[in-house]
Amino acid sequence: MVAKRWQATALQKFLPETVVDGAASKATLRRGYLRSRGMMTTLIFRVLVLFVILAPITVVAQTTKKAAARSSAPSFAQNAVRTIDGWSMQDVAKAPDGGAVVSTAAFHPQNWYAATVPGTVLTTLVNNGVYPDPLYGENMRAIPESLNKTSYWYRTTFAVPAAYKGRHIWLRFGGVNYSAQIWVNGRQAGEMRGAFIRGDFDISEMVKPGTRATVAVLVAPQPHPGIPHEHTVALGVGQNGGDTAIDGPTFLSTIGWDWLPAVRDRDTGIWLPVTLEATGDVLVKDPFITTDLAASDASADLAITASLKNISAKPVSGTLTGVLHFQNAPAAGGASAAVPDITFHKDFTIAANSAQAMALDGKSTPELHLTNPQLWWPNGYGPQNLYTLTLGFDSGKKSSDTTMQQFGIRKIEYEVPGSDNLTLSVNGVKVMARGGNWGLDEAMKRVTRERLDAQFHMHALASLNIIRNWVGQSTNPDFYDMADKYGILLWDEFFQPNPNDGPDVTDTATYLANVTDKVVRFRNHPSIAIWCARNEGYPPKQLDDTLHALMDKLDPTRLYQSNSSAGRGVASHGPYYWRSPRFFYPVHEAFKTETGSVSVPTLESIQGMMPQKDWETINDDWAQHDMAAGAQRGDEFPTSLAVRYGHIRNLADFARKGQLATYEAFRAMYEGRNPGMFQNTTGVITWMSHPAQPSFVWQLYHYDLEPNAALYGAKKASETVHVQLNEANFGIEVVNNKPEPLSGLSVKVVVYNLDGTISEGEEHATHETFAVASVPASSTVKAGQITTSTRVSPVYFVKLELTDAAGKLLSQNFYWQHVAQDQFEGLMDMPPVKLDAEASAQVVGENTVITMTLHDNTKNVALMTHLQLHQKQSGKRVLPVFYSDNYISLVGGESVTVTIETATKDLQGDAPLVEIDGFNVDVAPVDGAVSVAPNVNAQPMHWPATNIVPDPK
């Protein structure tokens, strides 16, 4: 008997759900192959469209059972899921035998590599010492393009549990780039095509429980890898994209973009885990949970749909059991302490070889009417309450299949009365979208759940609430889990770049199959707010129409946006280069999906991404890491920095002054949108918040996970309650992101001279307090206008403090200004400030939390104080670390307390040491349980003068 193939080809995804085997299976595979070669006629395309809309979607069942290990849901009849590991890999040219041979126990691999799965071909080769890490220095240039011109065998053996006897045994692939043939014990189990589709293969007839089996996977790269883009000083970062876009659902950015040089294997490989499990005859497929929240938020009605598929030749009767479980840990005395599990049961009989739709709601199943639901909120607006739904089908006393889905109860809307602009509202509260673009999670798909957790944690720490998954390049199940956990809304895209960056996809069947599986796989996540088809352009008309109809069927609850740069006031197209803060204030588009600035890493991060020979020369190594001509204007930035902040002595000085420029630009990027919040602007998404490789531009934190000044500039601007200086007109503004009004506020404004003295002017115009009677919900009001004395120093500072009626500090802000604008060379005349510090640490769960207080006991300003956690004995930086604040400016006599949190394991048994640097900052050393020391490495005078940036004429 030929094995059943539930998604062997892209075409099969759109046929009615029938068991495909024998000659019919071969014919289907042949048709899918021809279509993948671009031979689909218009007539066939129209038939495909009809099937997409009307036929049952044959996407594989969402398999999230691995989440059971992370959930506290009650015990349920689960199918044990086993991860298949122990893989080896070889170029097919060095292993020419076919799958019928390679997938047998008799085949003995010679000189194969221990394979990294999940991972890519290049990851495996790097881990085996064939190539050095491609992202360090210019190593990528020495790796051959031939890696994307050949196929690769992956092979392993695994034990088939004896307990699987009498069950259907499934081999499941989470993701393979780009296509794969799967062989088990000498027989072909099926095929996959497209990086973002899953592969589920019933191998029951190929293996024997209680014995070992062999699986071999022939992985082929995308058919159109294109011409790679190199980054050099002479040529800049080159054009974006190319022929890779023809293939649609793949990591098309790996051809090279202005934020990533070409990755030689184009991320070919088994990039998500491979698992084994067993089921009975009835499968629970594609659960979809929607919530209808009452206007008062006092109740919610859930609706659950799924397909119960009987893959046997006889009818099966049984019971579907559902369990709703509230995930969040009970808060002491809080409402969540009394959220009981909800269980319901429904009986079904499913005919032989057929699928039966299941639809439950509050009317048919009263248990699905929830009182006092625990709501999911975006970051900054409330808690991220999450539920799990476990659905299991039992026949008799035997469990047939079980699936678990994470979801949240929330209502999302996309417009407000009186405006056509895209305006996100969650649970009736308007959300000013402040976020970042992700181009790719990691250049070589080296993405762990722990790493993603840290990255989303830093977005939440920056007070951001949305991530745009550009061209769908970061489609990893953990990505969505982290968005749910941290309250980060997702603008989630499919697999088409700007039309200028690559041709239209030609293999439409594969593209639609991958889109379908992605939506079905992730649509239960409350974080997903918007589905979008294409970056900065529309899909071809016929395809766009198909997608509209498909999305109406797959997920009618969310907005589908065809174009990331058009419709509903949405626009893109930058600019992407560094500019003075006042240029971020003019608003021409309501919802800005792309705008950015250069974002300089810390000195230690720069030193860690290239060899020392390249530190003091802006050369091709810098260009490889995006400091070159392109949309970021990396060739101009060093000179612009020197014009603004004065002579740049060496790399340490470049990094020091770069933090000033980075902070003021990223703060202004978000503050510039605040004055017109929900009037002429509703969102801004920086290009980019997250780097796929070590980079000099477009990031809140470096590739090594150390945040730079960009994160803390964004954090300051995006506070829930915020006071700011409008750097375009010098108005003092109060921003209220809360759904309720504020009243009885006051803003204290103090202007300081360069030497730290308070500037005195006529009628104390530079030292005054503005009363703010009220600030309506979700709005910005002007509190007053700043004026400066004629006696103020050319470079001066503005400090703002917002307090409530009881005198409680709600927000503060600090700016450096110049009477003639844009000339801050005078900052180099600031007197040095030696801070005093005290710190303590405690272990909280798996983390170490350090509390540090800094005192400026001088009469001078300490500008941009930077804290960096190290291991005391080894001197190594501890990464990742989450600072409650950083790049802090203090006036004379001021103190501040910050917390520093890290995983205790990352200290590696060493004591914590906090090193401190800044623009003009030193610190008195402390030797104790938490030691404090100046960061000598970051001080420009510690290093020889190289005049890395020629002084502007």
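This is a short tour of one helix pair and several salt bridges, with a suggestion of what to select at each stop. Keep in mind that the model is predicted.

**Stop 1: two helices side by side**

Start by selecting residues 449–461, which form helix α5, together with residues 477–486, which form helix α6. Their axes lie 9 Å apart, and the helices pack at an angle of about 35 degrees. If you turn the view to look at how they cross, you will find that the crossing is right-handed.

Now show the side chains where the two helices meet. On the α5 side, pick Arg-449, Leu-452, Asp-453, Phe-456, His-457 and Ala-460. Facing them from α6 are Asp-478, Phe-479, Asp-481, Met-482, Ala-483, Lys-485 and Tyr-486. Try colouring this contact by residue type: seven of its residues are nonpolar, five are charged and one is polar.

**Stop 2: a link between distant parts of the chain**

Next come the salt bridges, of which the model has 38. Select Arg-193 and Asp-507, a pair whose closest N and O atoms are 2.9 Å apart. Arg-193 belongs to strand β8 (residues 187–193), while Asp-507 sits in the loop between β26 (489–496) and α7 (508–522). Along the chain, the two residues are 314 residues apart. Is Asp-507 buried or exposed? Asp-507 has a relative accessible area of 2%, so it counts as buried.

**Stop 3: a buried pair**

Move on to Arg-558 and Asp-555. These two form a salt bridge with 2.6 Å between the closest N and O atoms. Both ends are worth checking with a surface display. Arg-558 is buried at 10% relative accessible area, and Asp-555 is also buried, at 2%.

**Stop 4: from helix to helix**

Now select Arg-644 and Glu-664, another salt bridge, where the closest N and O atoms are 2.7 Å apart. Show the backbone around them as well: Arg-644 is in helix α11 (residues 637–645) and Glu-664 is in helix α12 (residues 651–671). The partners are 20 residues apart, and the pair links distant parts of the chain. Arg-644 is buried, with a relative accessible area of 7%. Glu-664 is buried too, at 2% relative accessibility.

**Stop 5: a network**

For the last stop, select five residues together: Glu-145, Lys-149, Glu-230, Arg-264 and Arg-266. Here the salt bridges link up into a network. Show the side chains as sticks and trace how the charged groups connect.

Key. Residues numbered from 1 in each chain as written. Predicted model: local features only at pLDDT ≥ 70, side-chain atom pairs only at ≥ 80, totals over all residues. Heavy atoms only, no water. Axes fitted to C-alpha atoms, helices over the stretch in contact; angles between N-to-C directions. Helix = DSSP H or I, 4+ residues; strand = E, 2+ residues; numbered from the N terminus. Left-handed = near helix turned anticlockwise from the far one by under 90°. Contact = heavy atoms within 4.5 Å. Nonpolar A, V, L, I, M, F, W, Y, C, P; charged D, E, K, R; others polar. Salt bridge = Lys/Arg side-chain N within 4 Å of Asp/Glu carboxyl O. Buried < 20%, exposed > 50% of the residue type's maximum accessible area, 1.4 Å probe, protein only.
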